[in-house]
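Here are a few short exercises to work through with the structure open beside you. Try each task before you read its solution.

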Amino acid sequence: MDETRRDRDTEGRAHNARPRDGLGRPLPYGSPGVERQPEGVVRSPQETVREAQRLLDAGMPFHAHEVFEDAWKSGPVAERELWRGLAQLAVGLTHAARGNATGGARLLRRGAAALSEYMGGPDGSESVDSAESAGGGAPAHGIDVGALTGWARELAGRVEGPGAEPVDAAAEAPRLRGGSR
């Protein structure tokens, strides 16, 4: 493919068709890459969480971010901050795994802040494990918001630390719902 031209989808919109690695980095044309997530897929919240968790566990947080982005763009307005915050956590983990400590920490903290409105307790410390959070009735779909915000803030501090190295995305992948790996 001619790399000086922009790739286009069937409607003529710009679309980068270059293969990508597991962290979403573009590879040279013709290189084997990781299959990309299809865009614009409408999933149920349960399907979204299940697919995103599978991708996180496989060390592909960039691809999990795309799943969350679909939910953010196609879901109800009341849930947009939930899915956007989860997408930011996934992108933060992506940057941390790529060695971009500043960008990774910033996005992890931004995602944690977006999720904070879905915290259950009066001090914002309890995780949400029912269909609705106690803070305003916003849906949480069993997502362990408290554990995720704690994970994000802890990882942000660690990747910014002196001498910090890129993290292993699969080893650092969070659990979206309570329970062990």
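**Exercise 1. Describe the order of secondary structure elements along the chain.**

Solution. Start at the N terminus of this predicted model: the elements of the protein chain follow the order α-α-α-α-α-α. Counting them by type gives six helices and zero strands.

**Exercise 2. Work out how the chain is buried and how its contacts are spread.**

Solution. Begin with burial: of the 181 residues in the protein chain, 45% are buried. Next, turn to the surface, where the accessible area is about 9200 Å² and carbon and sulfur atoms account for 49% of it. Finally, take the contacts between residues at least 6 apart in sequence: 54% of these join residues at least 24 apart.

**Exercise 3. Find the residues and helices that build the largest nonpolar core.**

Solution. This core has 37 residues, and those touching the most other members are Phe68, Trp83, Leu86, Leu89, Ile143 and Leu176. Now look at which elements give two or more residues to the core: helices H1 (45-57), H2 (61-74), H3 (80-98), H4 (101-115) and H5. The top contributor is H3, with nine residues. As background, nonpolar side chains in soluble globular proteins tend to be buried together.

**Exercise 4. Is alanine 147 buried, partly exposed or exposed?**

Solution. First locate alanine 147, which lies in helix H5 (residues 145-160). Its relative accessible area is 40%. Buried needs a value under 20% and exposed one over 50%, so alanine 147 is partly exposed. As a last step, check its distance to proline 174, 27 residues away along the chain: the two C-alpha atoms are 8.6 Å apart.

Definitions and conventions
Residues are numbered from 1 along each chain as its sequence is written. This is a predicted model: local features need pLDDT of at least 70, side-chain atom pairs count only at pLDDT 80 or more; totals for chains, interfaces and linings use all residues. Side-chain values use heavy atoms; hydrogens and water are left out. Helices (H or I, at least four residues) and strands (E, at least two) are DSSP runs, numbered from the N terminus. Buried means under 20% relative accessible area, exposed over 50%, partly exposed in between (1.4 Å probe, protein chains only). A nonpolar core is a set of buried Ala, Val, Leu, Ile, Met, Phe, Trp, Tyr and Cys residues joined through side-chain atoms within 4.5 Å. Contact means heavy atoms within 4.5 Å. Accessible areas come from the Shrake-Rupley method with a 1.4 Å probe; for residues, only the protein chains shown count as cover.
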